[in-house]
Amino acid sequence: MRRIISALLGLLLAYPAVVAAQQTSQKNQELLEAARKAREAKKNAPKAKYVFTNDNIPKSGTGVSVVGTTPPSPAPSKAGAAAAAEEEKKSDEDKRKEEAEWRKKFAEARARLATAEKELDILQRELNLNQQQYYSDPNVAMREQYTRTDINKGRAAIDAKKIEIDQLKKTLETLEDELRRAGLPAGWARP
């Protein structure tokens with residue numbers, strides 16, 4: 001009886017393995033059949049005209065391969081041609097004089113801007129000094145308690161100097177725009 005039970009138990013344990021093997025073989029057969037059908041469909045499919053691989057891609061020294069014809073270059077405009085002709089007519093002496101004039105304009109504008117910035121710095125220092133003096137001397141602080149004329153004048157002068165500096169910066173930008181519009185080298189604006 002034990003032998004029968006152990007045989008039945010062995011069959012019960014082996015059954016899932018047998019079923020799994022049958023299912024695996026069925027799946028393998030289905031995959032094989034699908035692969036055969038795909039190969040036959042590929043044989044019947046139209047061939048590609050040309051297949052590029054790493055071995056047959058053209059290699060040139062330029063690095064970029066362009067297919068097709070190159071578009072014609074645009075004809076130079078009348079204004080561009082006239083400007084080129086005018087540029088050729090100018091002699092080197094005229095160009096040097098023009099460059100010297102532009103450099104002088106930029107140097108003067110930068111000098112005015114630097115002077116205004118230094119004056120602003122001095123005004124701010126004087127204002128700070130006046131504010132410290134009023135607080136340290138009680139007599140002056142009592143007299144100037146409500147008016148503080150020196151401090152108010154200093155602040156007004158600082159505000160005016162800031163406006164002047166902004167205008168000088170705009171003037172410098174305007175000069176750079178004029179140089180660019182004239183079609184001249186940007187290097188002439190540099191110190």
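Isoleucine 4 sits out in the open, with a relative accessible area of 53%, so it counts as exposed. This residue belongs to helix H1, and it does not stand alone: together with Leu8 and Leu11 it makes up a nonpolar patch on the surface. The three side chains share about 320 Å² of accessible area. All of this is read from a predicted model, so a word on confidence comes next, because pLDDT is the predictor's own confidence in each residue.

The mean pLDDT of the protein is 80, and 77% of the residues get to 70 or more. Confidence varies from element to element. Helix H2, covering residues 78–89, has the lowest mean value among the elements, at 64. At the other end of the scale is H5, with the highest mean, 91.

As for the overall build, the protein has five helices and zero strands. Read from the N terminus, the order of elements is simply α-α-α-α-α. Of the 191 residues, 12% count as buried. The exposed surface comes to about 16500 Å², and carbon and sulfur atoms supply 57% of that area. Among contacts with a separation of 6 or more, 74% are between residues 24 or more positions apart.

What holds the middle of the largest nonpolar core? This core has 18 residues, and Trp102, Phe106 and Leu179 have the most contacts inside it. Helix H3 (92–136) and helix H5 (149–181) each put in at least two residues. The largest share, eight residues, is from H3. Phenylalanine 106 gives a good view of the packing: setting aside neighbours within four places in sequence, it touches Leu172, Leu175, Glu176, Leu179, Trp188 and Ala189.

Leucine 184 is another residue worth a look in this part of the model. It is placed in the segment after H5. With 13% relative accessibility, leucine 184 falls under the 20% cut-off and therefore counts as buried. Once neighbours within four places in sequence are left aside, its contacts are Glu98, Trp102 and Leu179. Two of the names in that list, Trp102 and Leu179, also appear among the residues with the most contacts inside the core. Leucine 184 also lies 8.8 Å from glutamate 99, C-alpha to C-alpha, although the two are 85 residues apart in sequence.

Glutamate 99 leads on to the charged pairs, of which the protein has six that count as salt bridges. The side chain of glutamate 99 pairs with that of arginine 103, N to O, at 2.9 Å. The two are four residues apart in helix H3, so about one helical turn separates them. Both partners are partly exposed: glutamate 99 has a relative accessible area of 25%, and arginine 103 has 33%.

A similar arrangement turns up in helix H1 (residues 2–44), where arginine 36 and glutamate 33 lie three residues apart, about one turn of the helix. Their side chains meet in a salt bridge with an N to O distance of 3.3 Å. Arginine 36 is partly exposed at 41% relative accessible area, and glutamate 33 is partly exposed as well, at 38%.

The pair formed by lysine 161 and glutamate 119 is built across two helices. Here the closest N and O atoms are 2.3 Å apart. Lysine 161 lies in helix H5 and glutamate 119 in helix H3, so this salt bridge ties together parts that are 42 residues apart in sequence. Is lysine 161 buried or exposed? With a relative accessible area of just 11%, lysine 161 is buried, whereas glutamate 119, at 35%, counts as partly exposed. The link does not end with these two residues, since shared partners join Glu119, Lys161 and Glu164 into one network of salt bridges.

Notes. Residues are numbered from 1 along each chain as its sequence is written. Side-chain values use heavy atoms; hydrogens and water are left out. A nonpolar core is a set of buried Ala, Val, Leu, Ile, Met, Phe, Trp, Tyr and Cys residues joined through side-chain atoms within 4.5 Å. Buried means under 20% relative accessible area, exposed over 50%, partly exposed in between (1.4 Å probe, protein chains only). Contact means heavy atoms within 4.5 Å. pLDDT is the predictor's confidence in each residue, from 0 to 100. Accessible areas come from the Shrake-Rupley method with a 1.4 Å probe; for residues, only the protein chains shown count as cover. A salt bridge is a side-chain nitrogen of Lys or Arg within 4 Å of a carboxyl oxygen of Asp or Glu. Patches are made of residues with over 30% relative accessible area and no salt bridge: like charges are joined within 9 Å, nonpolar side chains (Val, Leu, Ile, Met, Phe, Trp, Tyr) within 5 Å.
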